[in-house]
Structure formats: C-alpha cells, structure tokens
Amino acid sequence: MTTLERPPVTIPDHTAFNTVDVRWVKHWNEHLFSFAVDRPASFRFRSGEFVMVGLPTETGKPLMRAYSISSPDYAEELEFLSIKVQDGPLTSRLQLIQPGDQMYLGRKPVGTLVTDALLPGKRLFMFSTGTGLAPFLSLMRDPQVYDLFEQVVVVHSVRRVSDLAYHDEMVALLADDPLVSEQAAQQFHYIPTVTREPFHTSGRIGALIEDGTMFSHPLGGANQLDPATDRAMMCGSSAMIHELGARLEGLGFVEGSNSNPGTYVIERAFVD
Ligand SMILES: Cc1cc2nc3c(=O)[nH]c(=O)nc-3n(C[C@H](O)[C@H](O)[C@H](O)COP(=O)(O)OP(=O)(O)OC[C@H]3O[C@@H](n4cnc5c(N)ncnc54)[C@H](O)[C@@H]3O)c2cc1C
C-alpha cells in the first residue's frame, strides 16, 4: 500500500459522474497498479462489467477511460487493475493517486463479459492478457459463477514475471473469501503464463491449447475446446482476441451478447 506523502486531493462534483474516495493503492511494478474506491450506495453492476473512471482537467471536462471492475458485485469497494502508460493522458496522472484522493466514477457500468451473455455450459475458460485479467478477478470471486459452471479456469498471459499481478494473492483471495472458498477449492484453476522471460509455463494461449497444457490440470476434462460444453471469455489485447476468436469460431463457437447469449464473449481492452 502507498504511504501518504501529501494531503488528499479533492475534486469538484460533476453532474455526469459520481465523486468517489480512493481507499487503497497497490503498485505491482513500473507498468501496473491496482486501486480501490468507495462504492456509491446506488452503484449496481454485474461481475465482469466495466465503467468509466477519470480525473478532472483544467478545461473542466473530466478525462475518462473505460475500466473493468475487478471486485465482485457484492463487494463494498470497487477495485481496478490499471496499466501505467508513460505518456498516457489519464494513467500518467492516475498512477499518482493516493488513499483519500477523489476521482470520478461513471454512473452506468456495461459490458459483455457477463454470464448473462453465455449459454449454460460445464467448463468456463477466462482467457486474458495483461490488464485483461481485471474482469476475471471479479467473476472468479462471484459465487454464481461456481453455480453455473463445474470448472472455472483463469488463464493470464503476460510478457514478464512481474506483470503477473495477483499471482501470489490469487489462491488466498479465494481461500479467504467465505462466499466462494469451498466451491473455488473444488472448481477453480489458475494458469499463469509468461512469454518473454523464463517461467514454468511460457507458451502463448494458443500454444497452451494446442499442446494440452490448458487441460492438464487437476480439474481434468476433455483435452480440447468443445462448444457443446465449454464456454470462453476473452479480455486483453486485440492480437490475442483476434487469434483466439478465429480459433474458437473454427471450432464452432458462436460469439454471444447480452441480448443473444452464445458460447464465447470478448472485450477488447487495448490495441497493441
Ligand atoms: C472496455 C474496456 C475496458 C478496459 N479496461 C481496462 C482495465 O481494466 N485496466 C486498464 O488498465 N485499462 C483498461 N482499458 C484501457 C483504458 O480505457 C485506457 O486506455 C488506459 O487506462 C490508458 O489510458 P491513458 O489515457 O493513459 O492512455 P490511452 O491514450 O488510452 O492509451 C495510450 C496507449 O496505451 C495502450 N494501452 C491502453 N490501455 C492499455 C492496457 N490496459 N494495457 C496495455 N496497453 C494499453 C493503448 O493501446 C494506447 O496505445 C479498457 C478499455 C476498454 C475499451
């Protein structure tokens, strides 16, 4: 957690957004940090959705960006996992926030990485690159996900070991959560993979599907993706979504939406 080095920054209220207080900030490395804000009493969302988050500017028009909520829908605080883009209009400033500072939060969360957009199934694969892990940190802590699916597999692909945000906390997050700990112990599996540094698993997501690593875990199951029983969610880089989407379509998976549930869903969080 960050130590306070200056007085908290307050901001003027804005008619279009909630003003919320930052509760805590955790820096993972020079590229990534997490933070949490107070959840307004009226703020409702479904696990997996995103919302606009931002800061004021000198012109008076807030600078807002889309952020997946990484806490589950029952939590009292709203947690986010953020990139630090060196010259990024928002994140060059956002990475300096401290507990007690204020920021803007959109009023209407939306998104397609929700269980409502998927047909019933047995195995749920959540494929992520980089900060694309964020919505899955929400879903993996939602008890409803464990009622809907027999197996819940979170795959996180990053370039460097230090980019594996939540790697050491992942199991504890679930074990310490009374709402999901029992089901997660039986049904949850986490597959981290690092593509540009030595690590026990180093293939890209497509390679892990091809060589069977994706399925060779204690939960077991078929050694391939099957649209009859498997469901997939993808969040992260355009490159990963494009590649995996084509792979899934080739296997007969059909993209779903809130109004027309299917066998896989995507959220393109950034272009790289
Ligand atoms: C639906 C949706 C959900 C999103 N959820 C998140 C989230 O949970 N966490 C998060 O950090 N960002 C998320 N983003 C991206 C976010 O909206 C901003 O782009 C990001 O905060 C950077 O803002 P910026 O103003 O500093 O730079 P921008 O001007 O927005 O981006 C500058 C450059 O950085 C790259 N970039 C932006 N975001 C990322 C990222 N997350 N990872 C790698 N490269 C990136 C862009 O491709 C661009 O080239 C999401 C975007 C969308 C559309």
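Trainee: What distance separates the centres of domain 1 and domain 2, taken over C-alpha atoms?

Mentor: This is a predicted model, in which local features need pLDDT of at least 70 and side-chain atom pairs count only at pLDDT 80 or more, while totals for chains, interfaces and linings use all residues. Residues are numbered from 1 along each chain as its sequence is written. The protein is divided into domain 1 (18-105) and domain 2 (115-270), with bounds from an automatic or database domain assignment. Taken over C-alpha atoms, their centres are separated by 23 Å.

Trainee: Which element gives the largest share of the side of domain 1 that touches domain 2?

Mentor: Contact means that the C-beta atoms of two residues, placed from the backbone, lie within 7 Å. On that basis 18 residues of domain 1 are in contact with 14 residues of domain 2. The elements giving two or more residues to the domain 1 side are S2 and S5, strands being DSSP runs (E, at least two residues) numbered from the N terminus. The largest share, four residues, comes from S5.

Trainee: Why is one side of strand S4 and of strand S5 left without a neighbour in the sheet?

Mentor: The open sheet has six strands in the order S4-S3-S6-S1-S2-S5, with antiparallel pairing; two strands pair if DSSP finds at least two bridges between them. S4 (63-68) and S5 (77-83) each have a single partner strand, so one side of each has no neighbour, because both stand at the edges.

Trainee: Which residue in S5 stands opposite Leu 32?

Mentor: Strand S2 covers residues 32-38 and runs antiparallel to S5, with seven bridges joining the two. Opposite Leu 32, in S5, stands Ile 83.

Trainee: Which elements give two or more residues to the shell around the ligand?

Mentor: A residue is near the ligand if its C-beta atom, placed from the backbone, lies within 6 Å of it. Of the 22 residues around the ligand, those that come nearest are Arg 65, Gly 88, Leu 90, Thr 91 and Phe 270. The elements that give two or more residues to this shell are S4, S5 and strand S11 (264-270).

Trainee: How many residues of the shell around the ligand are charged?

Mentor: The shell draws at least three residues from each of domain 1 and domain 2. Asp, Glu, Lys and Arg count as charged, Ala, Val, Leu, Ile, Met, Phe, Trp, Tyr, Cys and Pro as nonpolar, and the others, Gly among them, as polar. The shell has 13 nonpolar residues and six polar ones, and the charged residues number three.
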